[in-house]
Amino acid sequence: MIVIAGALLGAILGGLTASRRKGNKADIAQFAVVYAILFALAGLVLTIVIEKVVA
């Protein structure tokens, strides 16, 4: 669940960042995908850490 939330949040933040920088549609899409991957990866690491600490 954390991974999916991170990917969605990253895509939104990436799209907003690119649009604030006056990027075209391709720039916005690229930023959204890259941010989604980074945030999903961070969510995956966070999920693993939580599982190791709690269990």
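**Burial, exposure and two helices**

Colleague: Why is lysine 22 called exposed?

Modeller: Its relative accessibility is 73%. Exposed means over 50%. Lysine 22 therefore counts as exposed. Keep in mind that this is a predicted model.

Colleague: Where does lysine 22 lie?

Modeller: Lysine 22 is in the loop between H1 and H2. It comes after H1.

Colleague: What makes the phi of lysine 22 worth a remark?

Modeller: Phi is near 65°. That is a positive value, and the residue is not a glycine.

Colleague: Turn to threonine 17. How do you know whether it is buried or exposed?

Modeller: Threonine 17 has a relative accessible area of 14%. The limit for buried is under 20%. So threonine 17 is buried.

Colleague: Which helix holds threonine 17, and what is it in contact with beyond its neighbours within four places in sequence?

Modeller: Threonine 17 is found in helix H1, residues 2-20. Leaving those neighbours aside, threonine 17 is in contact with Phe31 and Tyr35. Contact here means heavy atoms within 4.5 Å.

Colleague: Which residues of H1 are buried?

Modeller: Gly6, Gly10, Gly14, Gly15, Thr17 and Ala18.

Colleague: Why are the buried residues said to be on the same side of H1?

Modeller: They cover an arc of only 160° around the axis, which puts them on the same side of H1. There is a general reason to look for such a pattern: an α-helix has 3.6 residues a turn, so residues three or four places apart point the same way.

Colleague: What is on the other side of H1?

Modeller: Exposed residues are found there: Ile4, Leu8, Ile12 and Arg20.

Colleague: What covers the buried residues of H1?

Modeller: The cover includes helix H2, residues 25-54.

Colleague: And H2 itself: which of its residues are buried, and what do they pack against?

Modeller: The buried residues of H2 are Ala32, Ala36, Ala40 and Gly43. They pack against H1.

Colleague: How do you know that the span of H2 agrees with its number of residues?

Modeller: H2 has 30 residues, which should span 44 Å at 1.5 Å a residue. Its end C-alpha atoms are 43 Å apart, so the two values agree.

Colleague: What is the span of H1?

Modeller: H1 has 19 residues and reaches 26 Å from its first C-alpha to its last. The expected value is 27 Å, and the span is close to that.

Colleague: Valine 33 is in H2 too. Why is valine 33 called partly exposed?

Modeller: Its relative accessible area is 48%. Partly exposed runs between the 20% and 50% limits. Valine 33 falls there, so the term applies.

Colleague: How far is valine 33 from serine 19?

Modeller: Their C-alpha atoms are separated by 14 Å, and the two residues are 14 residues apart along the chain.

Colleague: What makes isoleucine 50 partly exposed?

Modeller: Isoleucine 50 has 37% relative accessibility. That is not under 20% and not over 50%, so isoleucine 50 counts as partly exposed. It lies in helix H2.

Colleague: Which nonpolar patch includes isoleucine 50?

Modeller: The surface patch formed by Ile2, Leu41, Leu44, Val45, Leu46, Ile48, Val49, Ile50, Val53 and Val54. Together they have about 890 Å² of accessible area. Patch residues need over 30% relative accessible area. At 37%, isoleucine 50 meets that cut-off.

Colleague: How many residues of the nonpolar patch come from H2?

Modeller: Nine, the largest share.

Note on methods: Residues numbered from 1 in each chain as written. Predicted model: local features only at pLDDT ≥ 70, side-chain atom pairs only at ≥ 80, totals over all residues. Heavy atoms only, no water. Helix = DSSP H or I, 4+ residues; strand = E, 2+ residues; numbered from the N terminus. Buried < 20%, exposed > 50% of the residue type's maximum accessible area, 1.4 Å probe, protein only. Expected span 1.5 Å × (residues − 1). Arc of directions from axis to C-beta. Patch = residues over 30% accessible without salt bridge, like charges linked within 9 Å, V, L, I, M, F, W, Y side chains within 5 Å. Areas by Shrake-Rupley, 256 points an atom, 1.4 Å probe, with all protein chains shown as cover. Salt bridge = Lys/Arg side-chain N within 4 Å of Asp/Glu carboxyl O.
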